[in-house]
Amino acid sequence: MQYALTAEQREDQSAFAAFADEHLLPRANQWDREQRLSDEIVELLGKERLLVPTLPVEAGGRAMDVMTYGLLSEELGRGCGNIRNLVAVQGMVAHAILKWGSKEQADRWVPRIGTGETVGAFGLTEPEAGSDARSGTTSAERVGEGFVLNGRKKWISFGQRAGIFLVFAKLDGESAAFVVERGTPGFSTTPITDMLGLRASELAELTFENCVVPKANLISHGRLTFDLLATGSLDYGRYSTAYGAVGLAQGCLPASLDYARERTQFGVPLKEHQLVRGILTDMISGVDAARLLCRQAGALRATAHRDAIRQTLIAKYVASQTGFRVANDAVQLHGANGVGPDFPVQRHLRDAKIQEIIEGTSQIQQVQIADLTL
Ligand SMILES: Cc1cc2nc3c(=O)[nH]c(=O)nc-3n(C[C@H](O)[C@H](O)[C@H](O)COP(=O)(O)OP(=O)(O)OC[C@H]3O[C@@H](n4cnc5c(N)ncnc54)[C@H](O)[C@@H]3O)c2cc1C
């Protein structure tokens, strides 16, 4: 298995790192405090075609290969977990419409998401249906030339900002996916604030009360809607989350190494204490191991290998836990400074916890990895 990057991929990686250093790191703490991204950064990502870079150029993307997309996700995760989440969600929504919708539907909505003209949101989770998303009770019934939707979705990233919502509902007892546009009568969003982490992911609850959606907005209906469309979108999101967790952990490393070099206790720099060296070594090796699993998943995805989905699950399972452990160690090494507002490590720790919950919790991934292996 060859994980070496091409010269072009290395060049892109440097450009993504520079983008994160210039546009994300200086503002990520502020967005976290304000619980909102700035409009400027969303516009910039759209202008740079970085919202869904894996789309074809004519659909608003950069035709980016899967390995390069992983490198981008790592750098975005290092800079700001909310931006990494934004980019993942835009990809999940846009690719689902492109792959499962008609040409008219793709032409109508996908370029708007790719260019940032409209933000997309992925509405699967319900107040009573999270890990068991298949059991969601949001309903769709046929009326005249469309469908009437009733139900609620919860914890939907960028639900406060989005103009296009991919919403899952039950139609004739089977899963269906609809596009619901903001402003549709009977559809409303309520902000969810004060989460532990990913606080600038602008979460919302979505409410559908006799919301009439035109026939032209039905993207998919039938068994494959959940089995392939929803699970395929989550697989795309998981790949991004895995790399993002590596980026988050990588973001904790230089800060911790510098702190261990500069902070003196008991007459020597922290790095001279063997227990501190042990913590640092676990952090360094954890990041490398998680990154290698992401690269392995990327290499398999690039060839549409039959083990790609399982390896992506493994990468996300390990990387999200590594991200949390490394961020926790980084906070510990920083002592009281680590839990204060001026150091980014406490934001990373809060964001890291969320990576173990979104796109399937660690326990659900344990179940899935075992199911696909046994
Ligand atoms: C910041 C954030 C952003 C999000 N964004 C989105 C979004 O954009 N779109 C969207 O649709 N959803 C989104 N979600 C929701 C997310 O997908 C769910 O939170 C996740 O799927 C878990 O569901 P739950 O929270 O209902 O937990 P539950 O499913 O109720 O799980 C509770 C606990 O029980 C465990 N558990 C459940 N079932 C099993 C089992 N079979 N075996 C072992 N353990 C089990 C879980 O691992 C967990 O520890 C977001 C959540 C957060 C926090």
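**Note on pockets, cavities and helix packing**

1. The largest share of the lining of the largest pocket, 8 residues, comes from H7, a helix that spans residues 223-262. The structure discussed here is a predicted model, and the points below should be read with that in mind. The volume of this largest pocket is about 1200 Å³, and its lining is made up of 44 residues, among which Leu234, Ile357, Ile358, Glu359 and Gly360 lie nearest the centre. Besides H7, the elements that contribute two or more residues to the lining are helix H5 (81-100), strand E3 (146-156), H9 and helix H12 (362-373). Sorted by class, the lining of the largest pocket holds 22 nonpolar, 12 polar and 10 charged residues.

2. The second largest pocket encloses about 510 Å³ of space. It has 20 lining residues, and those closest to its centre are His95, Gly232, Asp235, Tyr236 and Arg301. Helix H4 (66-79), H5, H7 and H8 each provide at least two residues of this lining, and here too H7 is the element to look at, since the largest share, 7 residues, comes from it. By class, the second largest pocket is lined by 11 nonpolar, 5 polar and 4 charged residues. A reader following H7 through the model will therefore meet it in the linings of the largest pocket and of the second largest pocket.3. How many cavities of 30 Å³ or more does the count give? The count comes to 2 cavities. The largest cavity holds about 90 Å³ of space and is lined by 13 residues, with Ala133, Gly136, Phe168, Ala169 and Ser175 lying nearest its centre. Strand E4, which covers residues 164-171, gives the most to this lining, with 3 residues. The lining of the largest cavity divides by class into 5 nonpolar, 4 polar and 4 charged residues.

4. The second largest cavity contains about 30 Å³ of space. Its lining consists of Gln35, Ile192, Thr193, Asp194, Met195, Leu198, Arg199, Ser201, Glu202 and Leu203, and by class these lining residues are 4 nonpolar, 3 polar and 3 charged.

5. Turning to the helices, H8 (residues 274-302) packs with H9 at an angle of about 160°, and the two axes are 9 Å apart. Because angles over 145 degrees count as roughly antiparallel, H8 and H9 are roughly antiparallel to each other. Their crossing is left-handed, and the residues of the contact of H8 with H9 divide into 18 nonpolar, 5 polar and 2 charged. Both helices also appear in the pocket linings, H8 in that of the second largest pocket and H9 in that of the largest pocket.

6. Helix H9 (residues 308-333) has a further partner in helix H11 (residues 345-355): the axes of H9 and H11 come within 8 Å and cross at roughly 155°. That angle makes H9 roughly antiparallel to H11, and H9 passes H11 in a left-handed crossing. On the H9 side the contact involves Lys316, Ser320, Gly323, Phe324, Ala327, Asn328, Ala330 and Val331, and on the H11 side it involves Val345, Gln346, His348, Leu349, Ala352, Lys353 and Gln355. By class, the residues of this contact are 7 nonpolar, 6 polar and 2 charged.

7. What is the handedness of the crossing of H1 and H3? Helix H1 (residues 7-24) and helix H3 (residues 39-47) have axes that come within 12 Å and cross at roughly 160°, which makes H1 roughly antiparallel to H3. The crossing of H1 and H3 is right-handed. Phe19, His23 and Leu24 of H1 make the contact with Ile41, Leu44 and Leu45 of H3, and the contact of H1 with H3 has 5 nonpolar, 1 polar and no charged residues.

Technical notes. Residues are numbered from 1 along each chain as its sequence is written. This is a predicted model: local features need pLDDT of at least 70, side-chain atom pairs count only at pLDDT 80 or more; totals for chains, interfaces and linings use all residues. Side-chain values use heavy atoms; hydrogens and water are left out. Axes are lines fitted to C-alpha atoms, for helices over the stretch in contact, and angles run from 0 to 180 degrees between N-to-C directions. Helices (H or I, at least four residues) and strands (E, at least two) are DSSP runs, numbered from the N terminus. Angles under 35 degrees count as roughly parallel, over 145 as roughly antiparallel, 65 to 115 as roughly perpendicular and the rest as oblique. A crossing is left-handed if the near helix is turned anticlockwise from the far one by less than a right angle, and right-handed if clockwise. Contact means heavy atoms within 4.5 Å. Ala, Val, Leu, Ile, Met, Phe, Trp, Tyr, Cys and Pro count as nonpolar, Asp, Glu, Lys and Arg as charged, and the others, Gly among them, as polar. On a 1 Å grid over the protein atoms alone, a cavity is a set of points where a 1.4 Å probe fits but cannot get out, and a pocket is an open set with protein on both sides within 12 Å along at least five of seven lines; lining residues have an atom within 4 Å of a point. Grid points are joined across faces, edges and corners, and a volume is the space filled by probe spheres set on the points.
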